[in-house]
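Here are some short questions and answers about the labels used for this structure. Each answer sets a value against its cut-off and concludes.

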Amino acid sequence: MDDLFPDVLSAAPAQRADPVLVAAAEAVAGAPPEARKNVGAPMDRVDGRLKVTGGARYAAEFSAPRLAHGVLLQSTIASGRIRDLDTAAAERAPGVIAVITHRNIPAMPRPSVPPAGESLPLLSPEIHYSGQNVAVVIAETFEQAEHAAALIRIDYVVQKPAVILDEHLGDAFVPNTGNRPAASKRGDFAAAAASAPVKVAQTYRTPIEHHNPMEPHGTVATWSGSKLTVYDATQGVGNTAQNLAEQFGLLPEDVHVIDPFVGGGFGCKGQSWPHTALTAVAAKVAGRPVRLSLTRRQMFSSNGHRPQTRQANVLAAANDGKLVALQHQAHAHTSRNDEFMEPTGAPASLLYSCANVDVGHRLVRLNTGSPTYMRAPGESSGSFGLETAMDELAVAAAIDPIELRLRNYAEIDESSGHRWSSKSLRECYARGAELFGWSRRDPRPRSMREGRWAIGMGMATAAYPANFRPASAKALMYADGHIEIRCGTQDLGTGTYTILTQIAAEELKVDPSKVRVMLGDSRLPNAPTSGGSCSATSAGSAVQAAARALRMRVTQYASGDEASPLWNVKVSDIDGRDGWLFSKQDPSKAVAYTEILARYGKSVVEQEAGAKPGIERETSAEGGSEGAEKKSSDSARSMHGFGAQFCELRVDADLGTIRVVRWVGAFALGKQLNVKTLRSQLQGGVVWGIGMALQEESLIDPRHGRFVNTNLAEYHVPVNADVPPIEIALIDEQDSLVSPLGAKGAGEIGITGAAAAIGNAVYHATGKRVRELPITLDKLL
Ligand code: MOS
């Protein structure tokens with residue numbers, strides 16, 4: 001890379017100390033030791049050492065006595081039927097324990113419970129997509145199972161698959177989307193658009209993408225009588241346990257799902273996919289524990305993907321750029337037996353003030369597996385279309401892109417009529433523009449150049465719903481003063497262990513080294529699936545409540561005990577520090593937690609508590625925002641995080657090569673729980689955006705309906721050489737309604753607007769508008 005792009009690399013600004021982290025470090029430098037790690041402080045990951053030393057164990061790394069190995073065989077056709085199937089050679093192969101197909105799979109009470117789109121495969125010989133599971137082979141070793149799977153002969157009746165969205169638009173239908181209406185309308189779009197002097201009407205397209213977390217899905221299932229224990233790579237241990245209980249007709253308490261560490265999810269571990277239940281079936285058939293891990297190639301057929309979209313957008317404005325009419329009509333694909341819809345229209349419905357809006361979604365059934373949530377589902381795809389169209393409108397109206405957005409600033413959420421719980425988007429635009437040096441941008445396309453490199457600067461708005469779901473947690477104090485936190489959430493690699501440690505330490509007034517956090521186990525107090533960027537706010541608020549309740553309980557012991565130095569001191573006059581409680585009036589009156597517990601003869605004191613949405617949040621929608629606030633009341637608020645994305649890139653004038661060289665993202669997300677992990681999440685979101693804009697695309701062979709680039713050599717994701725310095729600015733924001741913690745989730749907003757900022761910068765550099773992702777060099781030549 002250095003040889004190919006020497007001038008780009010030398011032109012990129014040198015890495016410097018991140019101002020956010022420097023400011024955070026300075027802010028806590030004078031504080032007492034425990035406060036330096038309190039909520040907000042840039043504390044290092046508590047699980048970092050375990051991870052870099054290999055001590056963190058992932059689902060498929062667990063074992064069990066007499067473990068057998070399962071391997072999936074998947075369909076090579078995308079549409080048709082299994083006419084005949086010969087498993088005799090596989091069954092005779094060395095080490096084989098069993099071969100399970102639709103012919104011999106044991107009946108399950110409710111085999112299709114998981115909302116993962118397809119019914120549990122192996123139930124019928126019908127084939128709906130390439131890569132559909134057709135057999136599970138169980139053997140003594142993984143290699144023996146692989147070998148035997150290769151010996152299975154299948155005779156298919158082959159039909160021509162439908163895999164091209166544009167060829168089937170005529171069959172589109174309006175999905176039944178539960179609490180997320182497929183349409184959002186206000187005013188009279190057609191009439192208002194007809195008379196508007198400035199108009200942009202274009203179609204934008206985003207391709208199928210696959211999540212590709214580093215850790216592939218994997219499951220280890222063990223039966224003990226009618227009790228099932230499963231190690232499973234999942235974003236929701238509780239949800240997976242519930243699904244398995246329903247599928248196998250078990251009592252909820254008889255299913256135990258464990259997943260202490262997750263190697264990334266991005267949405268593909270957000271629901272139970274068939275391989276998890278199939279592993280449990282295999283363990284039952286084999287009469288012994290079974291481990292089954294998806295191969296990287298199977299990660300392209302077994303756990304969903306981002307649906308492809310076709311977004312027809314019309315932006316109609318007055319000469320001053322004020323929007324008078326806005327239309328977003330989206331088509332996306334879904335599978336033969338699911339109606340998955342991501343709300344690509346959410347940004348169009350609420351990001352800008354506009355009286356006449358027409359947002360709609362339609363689905364087209366194709367012969368693919370079911371699409372699913374992926375990295376800001378809806379918001380990331382939809383913001384590419386909308387924010388590119390806004391840039392086109394800025395050009396058409398000859399208005400600066402930031403100024404255009406300010407002229408259309410939404411003071412309330414006009415899709416619901418609700419006020420925002422908080423919105424600091426103006427501050428994000430201003431701070432981002434200042435840090436980026438937006439004023440240095442010459443607005444004329446192709447006007448900035450350095451040698452053979454055309455320089456482009458682009459920006460876009462970022463927004464994502466601030467989700468919050470009911471959660472519970474337990475806090476325990478042991479006789480030696482240690483704190484244990486138990487919560488049935490999971491850490492996807494984003495820092496959940498760390499922020500929960502900080503929250504507990506701050507509430508209980510102990511050093512974080514005294515706190516041990518247990519997550520990733522369905523027997524822990526229930527917490528929501530880690531999706532929709534809700535875990536920090538939801539699990540965090542529950543841990544805050546539990547820790548607070550525990551401190552209150554211990555404080556009451558201390559104040560109610562005649563022999564205690566705090567005897568009769570009012571509870572409200574008692575504060576704590578570093579494992580001690582003391583009187584605010586007279587700090588010489590102090591007692592250690594260890595002493596309080598010893599006096600009461602307790603080895604442990606525990607409190608469980610929960611957090612749930614208040615009346616300001618009357619309904620909640622999974623992932624997307626559209627229609628999330630339908631019930632109207634004065635107290636209801638629309639809750640979103642906001643941000644502004646700024647990208648500088650260079651395009652080789654001869655070759656069309658695009659290099660992103662600089663990034664500034666300014667975000668306002670309520671209270672900051674840990675500026676280090678927060679900044680990492682936002683940077684990670686921008687990296688996803690670079691992949692989305694320039695690289696990621698799952699290519700399907702129309703003849704066979706099969707994904708062809710099913711590996712990390714041909715499915716391109718950004719590597720370090722593709723990622724420039726990403727500066728994150730965090731805007732201070734108070735929001736007492738969004739969650740008890742006052743924080744908004746940060747997991748996904750970083751990708752929203754990012755692809756549009758890149759496309760807008762490409763236009764600025766080259767004068768070429770690419771409306772179809774990814775923006776590869778062939779589209780520039
Ligand atoms: Mo995320 S796509 O909500 O797991």
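Q: Where is Ser-533 placed?
A: In this predicted model, Ser-533 sits in the loop between β21 (515-518) and α14.

Q: Why is Ser-533 called buried?
A: Its relative accessible area is 14%. Buried means under 20%, so Ser-533 is buried.

Q: What makes the phi of Ser-533 worth a remark?
A: Phi of Ser-533 is positive, about 55°, although Ser-533 is not a glycine. Most residues other than glycine have a negative phi.

Q: Which value is positive in Asp-578, and where does Asp-578 lie?
A: Phi of Asp-578 is near 50°, and Asp-578 is a residue other than glycine. Asp-578 is in the loop between β22 (574-577) and β23 (580-583).

Q: Why does Asp-578 count as partly exposed?
A: Its relative accessibility is 45%. Buried needs a value under 20% and exposed a value over 50%. The value for Asp-578 lies in between, so Asp-578 is partly exposed.

Q: What kind of peptide bond joins Leu-773 and Pro-774?
A: The bond is cis, with omega about -5°. Most peptide bonds are trans. Pro-774 is found in the segment after α17.

Q: Why are α13 and α14 called roughly parallel?
A: The axes of helix α13 (residues 496-508) and helix α14 (residues 535-559) cross at roughly 25°. Angles under 35 degrees count as roughly parallel, so α13 and α14 earn that label. Their axes come within 8 Å, and the crossing is right-handed.

Q: Which residues of α13 and α14 meet?
A: From α13 they include Ile-499, Leu-500 and Ile-503. From α14 they include Ala-536, Ala-539 and Gly-540. By class, the contact of α13 with α14 has 10 nonpolar, 2 polar and 3 charged residues.

Q: Why are α16 and α17 called oblique?
A: Their axes cross at roughly 55°. Roughly parallel needs an angle under 35 degrees, and roughly perpendicular starts at 65. The angle of α16 and α17 fits neither, so the two helices are oblique. α16 passes α17 in a right-handed crossing.

Q: Which residues make the contact of α16 and α17?
A: Gly-689, Ile-690, Met-692, Ala-693 and Leu-694 of α16 meet Ala-754, Ala-755 and Ile-758 of α17. They divide into 7 nonpolar, 1 polar and no charged.

Q: How do α10 and α17 pack?
A: Helix α10 (residues 379-397) and helix α17 (residues 754-766) pack at about 35°, with their axes 8 Å apart. The crossing of α10 over α17 is right-handed. Among the residues that meet are Ser-383 and Phe-384 in α10, and Ala-755 and Tyr-763 in α17. By class, this contact has 5 nonpolar, 3 polar and 2 charged residues.

Q: How many aromatic pairs does a search of the whole structure find?
A: The search finds 13.

Q: What makes the pair of Phe-266 and Trp-688 edge-to-face?
A: The ring centres are 5.4 Å apart and the planes are at 75°. Pairing needs centres within 6.5 Å, and planes over 60 degrees apart count as edge-to-face. Both tests are met, so the label fits. Phe-266 and Trp-688 are 422 residues apart in the chain.

Q: Are Phe-266 and Trp-688 buried or partly exposed?
A: Phe-266 has 25% relative accessibility and counts as partly exposed. Trp-688, at 16%, is buried.

Q: Why is the pair of Tyr-557 and Tyr-600 called stacked?
A: Their planes are 20° apart, with 4.3 Å centre to centre. Planes under 30 degrees apart count as stacked, so this pair is stacked. Tyr-557 is in helix α14, and Tyr-600 is in helix α15 (residues 593-600). Tyr-557 is buried at 13%, while Tyr-600 is partly exposed at 35%.

Q: How do you know that Ile-731 is buried?
A: Its relative accessibility is 10%. The cut-off is under 20%, so Ile-731 is buried. Ile-731 lies in the loop between β31 (726-730) and α17. Leaving aside neighbours within four places in sequence, its contacts include Ser-424, Glu-427 and Phe-667.

Notes:
Residues numbered from 1 in each chain as written. Predicted model: local features only at pLDDT ≥ 70, side-chain atom pairs only at ≥ 80, totals over all residues. Heavy atoms only, no water. Axes fitted to C-alpha atoms, helices over the stretch in contact; angles between N-to-C directions. Helix = DSSP H or I, 4+ residues; strand = E, 2+ residues; numbered from the N terminus. Left-handed = near helix turned anticlockwise from the far one by under 90°. Contact = heavy atoms within 4.5 Å. Nonpolar A, V, L, I, M, F, W, Y, C, P; charged D, E, K, R; others polar. Parallel < 35°, antiparallel > 145°, perpendicular 65-115°, else oblique. Phe/Tyr/Trp six-rings, centres within 6.5 Å; stacked < 30°, edge-to-face > 60°. Buried < 20%, exposed > 50% of the residue type's maximum accessible area, 1.4 Å probe, protein only.
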